[in-house]
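Student: I am new to this structure and should like to be guided through it by questions. May we begin with how its parts are named?

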Amino acid sequence: MKKQRLFMLVLVFLLLAKGNIFADVQTGESSENKITLNIHSVIVDYTNTIEDKLLTINGELMISSATIDALIENLPHPIFSVYQDINVKDRFIMRSVTGNKALEFELGSHSYNIRDLDNEIIETGNVILSPEYINGQLYIPFEFFDVLGFEIKVKDQQIVIDIYESEDSAIMKGIAFRDVRVNTAFSPRVHDYSFADIVTGDTVKITVIPNEPFTTVTVDGKPILNNTESEISIKNKNTLTILATSESGQNTQKFVYKIRDTLEVQGKIVLINGKAVLTNLIPKVVNDKTLIPLKDTLKALGFSWTSSEDKNNVIVDRYGNQIQMQAIMVDGSPMLLLDEVGDFLHVQTSIHNPPQYTKRTVPETEKKAKAELTAAVKANAAAQTVYENANKKYQETFYSEPVFRVTGQIKSRKPFYLWGAAFSENAPLDHPGWAAAQSTNILIQNPDNSKIAYNNYIMGMHYYKGSTTAKGIYGQTVPVYIFGGPSASLQKKINAAKAVLDKASTALKKSKDAVEVKKRNLIQTVKSYYDSLQAKNPKDANTYLAYAQALVDTSVQLDETRDLLKLATQKSDKAKSLLPAIDYYFTLYLADQLEYGDRYEGYAKIASKHPDALLNYCETARQYLDAATVLEDEKHYSYAEYAYNILLTIGSDSQKAKAAKHLEDLAKVDGE
């Protein structure tokens, strides 16, 4: 069953007088039914249920004009109309307000025609029952609702009629604003208006007059009724967008009206008419009063001004009106009271501060523990250097003469004979020790017991001592290559180098142990301080946030992430439970400890919905650059421009160049 979606749902029955103009049909059975009419419209959300009698003829339902009147009794506008054709006595027209089509029928006839706006027949058909005049009432078969695309549901004695909204519309002829002073200008087909003054209330009354019937007109995306005064909320708005679309959908006109200025303080950001304005001073609160920078605010609003000689007052030119306002000097610059900007300049002001973010102050105990750890790490690094130098000297001494690695099968332990081979990393190729490079008889004078694996000798390090001969198993003479320890003079040097190395090794171990002690001390210091602080302030979200950040800092310094970050997350969750929005800052703080890709992801998570929170967090040039990049990608162009402009002041040369290029690109976006 098709759905007819209606723009305005108008139902007016211009019924015949209840006299006997036509012969009444006295047939059929009547029964009590529960009838529900539902209008599914963004303009009218209407439901009405009544109990009334319907007529059943040959198993088909018919509805009377009186029943329809009762269904639409509380509807402020009609749904469709039924009227008599002035040219044909027995002919009636059933037309929906959309004007897309009209159903033409005659009393006593089962056939009908569907006509378009040009009155051309576009469809013909037949219904089971013909419309009749019965007992003084016009009865219409329910089939006509189906033909028009209304949805009918029948179950037992319950009937539901659903009518759906249309997207069709027409072009606006005019817009009338009540209680608002406007200047009128005319385009060829549309009365176009622009505001000459600033609206001070929270609503404006608008009447739209269609140039063609059956229009679709929306204000800020919400449909309103034609030819009817509509009260529109303009709270927290500085513009109204009115869109008119023709019935065919082929012609649209859009009007954007500036109705007033808006100014919102978002922490350190001033948002004027939806645009983040870079100010020389950030908003301040003095004696519970919010102050905003005078120069940047008035410039963004488009007002000129002159200052008094004592700089304590300014005269603001607002649309030709001279308004005196108080100027309050802060750090040598004039500021305005936010309340006076709203009251005197008729600017809608608001304060929407994200949770206050204060960079945590590192306690002295933590500073001391960190300094001690830094000193221990530095001492450990020095000990490591001493050890590496001692080891290098030992290796150089040990390898000052050719050394061979001997491997083979043990044939005798006293004396220690092998059937094996010897290789060297530092012996010249003409060294006689290379004669043992292939399997041969080897005698080791100083075997290393740590190199013995069952009946094998593996990679023992020895010096070449010479060669001799011995008798083989068959009595033949065979060569024997002798390997042993260093010479006495070399051994003395090796012993000295080894003593230095052992001392360095002991010192290195001691310094490593000291680092571990200082690490544990730092962790304990941080926990002890913040445990005490949270015990005193169990409901303070910033205390838990600072605790979480301290743990992150400690984790980064110790290069130990798992346990400390787990605890940091727990503290952050507690802060979030006390003040949900404060979780933004832990996400950003944690992101700052990561590489760019992960940092970008963390920034984007906040920027997508809370761009003001991201900018209020930023302090450094790198943070502003990352934030600007993310905000631009998220299409928060005004906030991105704000961040790039700050980079022009605090960034490095390369950052300033990058910011300037992006500002050029953003200017093109604004111009599109």
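Tutor: Helices (H or I, at least four residues) and strands (E, at least two) are DSSP runs, numbered from the N terminus. The model is predicted, so that local features need pLDDT of at least 70 and side-chain atom pairs count only at pLDDT 80 or more, while totals for chains, interfaces and linings use all residues. Residues are numbered from 1 along each chain as its sequence is written, and side-chain values use heavy atoms, with hydrogens and water left out.

Student: In which helix is Thr297 found?

Tutor: The helix in question spans residues 294-301. Thr297 belongs to this run, which is helix α3.

Student: Is Thr297 buried or exposed?

Tutor: Buried means under 20% relative accessible area, exposed over 50%, and partly exposed in between (1.4 Å probe, protein chains only). Because its relative accessible area is 1%, Thr297 is buried.

Student: Which residues does Thr297 touch, not counting those up to four places away in sequence?

Tutor: Contact means heavy atoms within 4.5 Å. With residues up to four places away in sequence left aside, Thr297 touches Leu263, Ile272 and Ile292.

Student: In what order do the three strands of the open sheet stand?

Tutor: Two strands pair if DSSP finds at least two bridges between them. The pairing in this open sheet is antiparallel. Strands β28 (304-307) and β30 (321-326) are its edges, each pairing on one side only. The order is therefore β28-β29-β30.

Student: What angle does the direction of α3 make with that of β28?

Tutor: Axes are lines fitted to C-alpha atoms, for helices over the stretch in contact, and angles run from 0 to 180 degrees between N-to-C directions. Helix α3 packs on the sheet, where it touches β28 and β29. Its direction and that of β28 make an angle of about 150°.

Student: Over how many bridges do β28 and β29 pair?

Tutor: Strand β29 covers residues 313-318. Ser304 stands opposite Asp317 in β29, and Trp305 stands opposite Val316 in β29. The two strands pair in the antiparallel sense, and the number of bridges is four.

Student: Which residue in the turn of the β28 and β29 hairpin has a positive phi?

Tutor: Five residues lie between the two strands of this hairpin. A positive phi of about 65° occurs in the turn at Lys311.
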